[in-house]
Amino acid sequence: MNKEKPKHYDPGAVEEKWYGYWMDKQYFKSIPDDREAFTIVIPPPNVTGILHMGHMLNNTIQDILIRKARLDGKNACWVPGTDHASIATEAKVVKWLREELNVKKSDLTREQFMDYAHQWKEKYGGIILQQLKKLGASCDWDRTAFTMDATRYDCVIQSFVDLYNRGFLYRDYRMVNWDPVAQTVLSNEEVIYSEESGTLYHVRYRVQDTDDYITIATTRPETILGDTAVAVHPEDPRYVSYHGKRVLVPLVDRAVPIIADEYVDQQFGTGALKITPAHDVNDYEIGKKHDLEIIDILNPDATLSAAAQLFVGLDRDEARTLVVRRLEEEGYLVKTEDYTHNVGRSERSHAVVEPRRSLQWYVRMKDLAEPALRAVEEDTIRFFPENQKNTYRHWMRNIRDWCISRQLWWGQRIPAYYYQDQVFVATTKEEALEQARAHFNNALIQSDDLSQDEDVLDTWFSSWLWPMSVFGTLDSNEDLDYYYPTSVLVTGWDIIFLWVARMIIAGYQWQGTKPFEHVYFTGMVRDRKGRKMSKSLGNSPDALELIQNYGADGVRFGMLSCSPAGGDLLFDEKLCEQGKNFCNKIWNGLNFLTSRSVSAKIEPGQGDELAYAWFSQKLSQHLQQTNALYKEYRLSQILISNYSLIWNDFFSQYLEMIKPASGASFSDRTFGQAKELFGKLMIILHPFMPFITEEVWHQLEDRRIGEDVIVASYPQEEVETDPRLIKDMQLLIELVSKIREIRSAKSMKWNAPMELYIKKSDQLSPSLYEGRWVALLSKMAVLDEIHFVEEEPGALLSIVIGTDKFFVDPKVTMDVQAELQKLHAELEYQQGFVSSVEQKLDNDRFVSNAPESVVNNERKKLADGLARINMLKESIRQLEQM
RNA sequence: GAGACUGUAGCUCAGUUGGUUUAGAGCAUUACCUUGACAGGGUAGGGGUCGGGGGUUCGAAUCCCUCCAGUCUCACCA
């Protein structure tokens, strides 16, 4: 078995090879059978998106869970897909048409535009799914879904019709968040507020038929042209005398009432507030209350409309400049001051959001939300980490109606058909026509007489059906019945309202049950300074470049080793390097094991069986611990634990224990045991680092066809555990370490001759007397001889571990003073320890109140501490006699 | 403005119902080691009054109160 292997692990070739192999073998494919299903639906990335750090984290976690389920023998199904992202995609398509094809959207019919949009999607969309393959994502690609494909489209239309028929939909005029660039309405969740510096303009309005002025403060002087009132606080003494009078709006000289309303804050600005009902949410409410006129001075693209009278056709920003100049020229501008305020911008176009009154479709949420709230409250759906329940509860209890219409073409067109003053909602125009004919009792109404709503539905109105729609329908079918409810949703908490809550609502609405058992919320990926990673900051590493540099396994290690559930992840490339180093360590371990010759004629070393038994126990203990951690999604901790088991326990200890002398061979039996353990380690590591584990698995043995680590059986913990074996080995390892320490301190070579004396005592574990333990100890510590003694041999260096005492003869001149100093330091520590324990035991209330086991443990600690003090004193005494 | 979460070693984090030999890991750092599978390695060391202050308790990193700092969510005043 003398294979020549490259010195370093090369991830690139290995990863490509195995991903292709797994695909060929169809290991990612899932079809319903009689096994238990384990299902994850991917949080569909935006079809225009490319892989970034957040995706990498999120999808690595999903892949880990899916691969673990596969190893556990479940029918693992991970459904990939993308969403159509109305606003973002439409913007990209429009840009593409303009720049590449020289076509304007306005020159196209709706049908033509949709054709182009689908073309664009085929050509450029979904790159991210290809990138996920580089990461090792084991999705069932045959199931790839898209929120705008025919199947998903039908589900969305059906859901709209269902909700309408059940009375959950309505149309209404509301103040909405209008994106003047994308020319569509935005939901509250799509508006990002941030502090921006602006100017507060103080403008005076003349009170009609007087020479008095009332000064108001505004950040948006251009909206003065749409003012229909000035409001003051009813009890504000400055303005009481003006109640019921009118002011003239500057520049347009419109006489508008002075109204009294408690909404006005007397402390702010001048205490007088201009009211523009068409362009401010609060003003709109006040306008309704006082029955004010609504003058909409803006067009949909935020240029001034004819109603503004002045500056018609100019953009709102230009108009502001000109209005301010004119106000100043005409003596209305009292003063300006710098002012920082919150400005809402469109998440997609970044345009300043314009409040606008318009007719939109809404979902009545309150009743729909009720079962969804209960499901989480009662832990029918469990959140990890649990504290996200608070956020969820707060939002669900204060839920607002959901505005679902969008003034775009790229999306599912609302299946509402208008005839005269009536609306007919149906999955097809033909059905709507039937309804219209029946309603008007007029068979002559023709299809062309009906006009369909021009708007499309919010993208989230597709996404909320995702856990059902990816399986084809909203009602029963074979796949849906088998895979739904899905096992776990892995997503960021930033879309808990946009998506998670709504999916739960939809699940209860159409399936009558939850869409998933668990929700695992990942943290936000930040840079090491704690800043959110973003394109504009340029602090986000290129995902594919990372994979190139560190290998997918290395990057997966890096992402996972620092990502507590729900906690933010402060990403540092060094962590990927650690992952890469780990791959090399594994590679080298494999190299070592397979480079030595193996012989059936050689007897196993005396310690080999012991080492095997010990590591088997260690592995079993590890499995027990990590199984519990998997249940709580403590993936980061499982990875760290795997890392430590493999590096420290397997490579540093186990391989050292069984290592043949330089140039010697392994016995057949020992080699087989080592390969078996190594293989098991590859299985438990596989979910985290799929590629190298598959490679090593196949290098360890010539495997039969289909005997691949990806579909191996996860090792089971052993029924019989032997905690004493683990404890005794811990003592042995500690002793070996102390002996190495002495060698190092005395500048002795690692293999310089040395003898060990072990003081016999009742406390000493009987294992140590056994031949195999003695053999293993002398091998590990490179000892010439081990003596068991009744009495302390004088003038030797002593080692105290627990309550056991050992001596070595370093065979070099001893620095007595230095030794004494060390012993005194140790003595001081032990005395401090003992006195802290004594303090407890001297306290009667402790002894009488604390549970007996706790008190007994303290007594044991005291006894052990005292024993150690005696040993140290004895050593000191002996040294002082020299 | 209302609320949530976090604060443990230089950094990233464990620390499960208060009691596990007077607080742990990984990384980083320091010293030493190179004919040992691996210098992307090995051996060992240093480093923390558990954000501050109070309280409950025989006993607090852990529970309560309060303050401070940070992150985030919701609502927003022109």
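A polar contact is a pair of N or O atoms within 3.5 Å. Keep that in mind as you look through these close-ups of a predicted model.

**View 1. Polar contacts reach the sugar or linking oxygens of RNA strand B.** In A217, a backbone N or O atom sits 3.2 Å from one such oxygen of the strand. N390 uses an N or O atom of its side chain, also placed 3.2 Å from a sugar or linking oxygen of RNA strand B. For Q637, the side-chain N or O atom is 2.9 Å from a sugar or linking oxygen. Among the elements that give two or more residues to the surface near RNA strand B are strand 8 (213-218) and helix 19 (635-658).

**View 2. Here is the protein surface around RNA strand B.** There are 59 residues around the strand, and F268, N282, N584, S737 and D864 come nearest. Which helix gives the most to this surface? Helix 17 does, with 8 residues. Sorted by class, the surface holds 23 nonpolar, 19 polar and 17 charged residues. On the RNA side, 54% of the strand's atoms within 4 Å of the protein belong to sugar or phosphate, and the rest to bases.

**View 3. Helix 2 packs against helix 5.** Helix 2 spans residues 53-71 and helix 5 spans residues 127-135; their axes are 11 Å apart, at an angle of about 60 degrees. The two helices are therefore oblique to each other, and the crossing is right-handed. Look for H55, M56, N59 and T60 in helix 2, which meet I128, L132 and L135 in helix 5. These contact residues divide into 4 nonpolar, 3 polar and no charged.

How values were computed. Residues are numbered from 1 along each chain as its sequence is written. Chains are lettered from A and ligands numbered from 1 in the order in which they are written. This is a predicted model: local features need pLDDT of at least 70, side-chain atom pairs count only at pLDDT 80 or more; totals for chains, interfaces and linings use all residues. Side-chain values use heavy atoms; hydrogens and water are left out. A residue is near a molecule or strand if one of its heavy atoms lies within 4 Å of it. A polar contact is a pair of N or O atoms within 3.5 Å; within protein, one must be able to donate a hydrogen and the other to accept it, and residues adjacent in sequence count only if both atoms are side-chain atoms. Helices (H or I, at least four residues) and strands (E, at least two) are DSSP runs, numbered from the N terminus. Ala, Val, Leu, Ile, Met, Phe, Trp, Tyr, Cys and Pro count as nonpolar, Asp, Glu, Lys and Arg as charged, and the others, Gly among them, as polar. Axes are lines fitted to C-alpha atoms, for helices over the stretch in contact, and angles run from 0 to 180 degrees between N-to-C directions. Angles under 35 degrees count as roughly parallel, over 145 as roughly antiparallel, 65 to 115 as roughly perpendicular and the rest as oblique. A crossing is left-handed if the near helix is turned anticlockwise from the far one by less than a right angle, and right-handed if clockwise. Contact means heavy atoms within 4.5 Å.
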